[in-house]
Amino acid sequence: MLTFVFVCLSISVTGLNAFTVAVGSPSVNVKENEGVDLKCSYTADFGATPRIEWKFKDLKGYQFFIYFAGEATAEYKGRITVYDGGLRFNKVTRADSGEYDCEVSGNGGYDEKTIKLMVLVPSSKPISTIPSSVTTGSNVRLTCFDADGSPPSTYRWYKDNTPLPEDPSKLPNFKNLTYKMNAFDGNLEFPSVSKLDTGSYFCEASNGEGNPQSGDAVHMEVYDDEDNSQASAVRSSLSMETQNVPSKITTNHMLEKQYGVYMLQEVKLKLEIQKLELEITKLKLELQKLRQEP
């Protein structure tokens, strides 16, 4: 009886480790353009020549094989090497960030494990949208986005070169401001913008890789409805004046050109007169000579 219990326990304990796949680390970080190994091992239960496959799910959720039927798929040939113990990338790009499934089957057994790979890319200069003029009381949203940072960047906003706190109500200098800032999607929202919100704004993106990157600063002016109408009228007037500038310049240029032609003609006439005067002088001298002859 004791022997039977011992045998059952032995089978049970052994079964816990049967057909098992293990990874070196479930999460791996690597800088872009560097090589990396994704470690994947398995127990002997799968046999001497188990079937090994690698699948990849990118950050958008698309999944496909990168190693199937004993060879790398077309897009990964020359980029990866599968060996007894894992998969090696010669050089990674930011598109390689995602989840890698190591699947092993053989002798009727199957198991798989997932490794999350994060390719590290510094934040780039963010693209922001900041209006130059808004009306008091309106809902205004400033946006900021960095397309390159991996892991994804977080965002911070500045007004007149001063960093804005995430919660303005907690600091005396900002308690009269009513904006909402989201550090993860980069939005700075004013549910009801006021003249106190007038200022120069820019955003900053950072993800811990390299230096934080700043976007371009834009001055946002907050007007009352009446002020904004007057400002629009002034801008419209200036726009009309600007449109008339080319015609004025063209007219002035034509007048100057005509004046130059008249001046040239006047000079030519003076020269002709001088020639005539010289001829008259010569004739007078000839007449004097003739009179003096006997």
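Colleague: What does the side chain of Ser 123 reach at 3.3 Å, and what makes this a polar contact?

Modeller: The partner is the backbone nitrogen of Asn 207, and the separation is 3.3 Å. A polar contact is a pair of N or O atoms within 3.5 Å; within protein, one atom must be able to donate a hydrogen and the other to accept it, and residues adjacent in sequence count only if both atoms are side-chain atoms. The 3.3 Å from Ser 123 to Asn 207 is within 3.5 Å, so the distance criterion is met. The model is predicted: local features need pLDDT of at least 70 and side-chain atom pairs pLDDT 80 or more, while totals for chains, interfaces and linings use all residues. Residues are numbered from 1 along each chain as its sequence is written, and side-chain values use heavy atoms, with hydrogens and water left out.

Colleague: With which side chain does the side chain of Ser 123 make a polar contact?

Modeller: That side chain belongs to Ser 153, at 2.6 Å. Ser 123 also touches (heavy atoms within 4.5 Å) several residues beyond four places away in sequence, among them Asp 146, Gly 149 and Gln 213.

Colleague: Why is Ser 123 called buried, and where does Ser 123 lie?

Modeller: Its relative accessibility is 7%. Buried means under 20% relative accessible area, exposed over 50%, and partly exposed in between (1.4 Å probe, protein chains only), so 7% qualifies as buried. Ser 123 lies in the loop between strand E10 (109-120) and strand E11 (127-129); strands (E, at least two residues) and helices (H or I, at least four) are DSSP runs numbered from the N terminus.

Colleague: How do you know that Cys 40 and Cys 102 are joined by a disulfide?

Modeller: The S to S distance is 1.9 Å. A disulfide is a pair of cysteine sulfur atoms within 2.5 Å, so this pair qualifies. The link is left-handed, with -80 degrees about the S-S bond. Cys 40 belongs to strand E3 (residues 36-42) and Cys 102 to strand E9 (residues 98-106), 62 residues apart.

Colleague: What makes the disulfide of Cys 144 and Cys 203 right-handed?

Modeller: The torsion about its S-S bond is about 70 degrees, so the disulfide is right-handed. The sulfur atoms are 2.0 Å apart. Cys 144 lies in strand E13 (residues 140-145) and Cys 203 in strand E18 (residues 199-206), so parts 59 residues apart in sequence are tied together.

Colleague: Why are Cys 144 and Cys 203 called buried?

Modeller: Cys 144 has 2% relative accessibility and Cys 203 a relative accessible area of 0%; each value therefore falls in the buried class.
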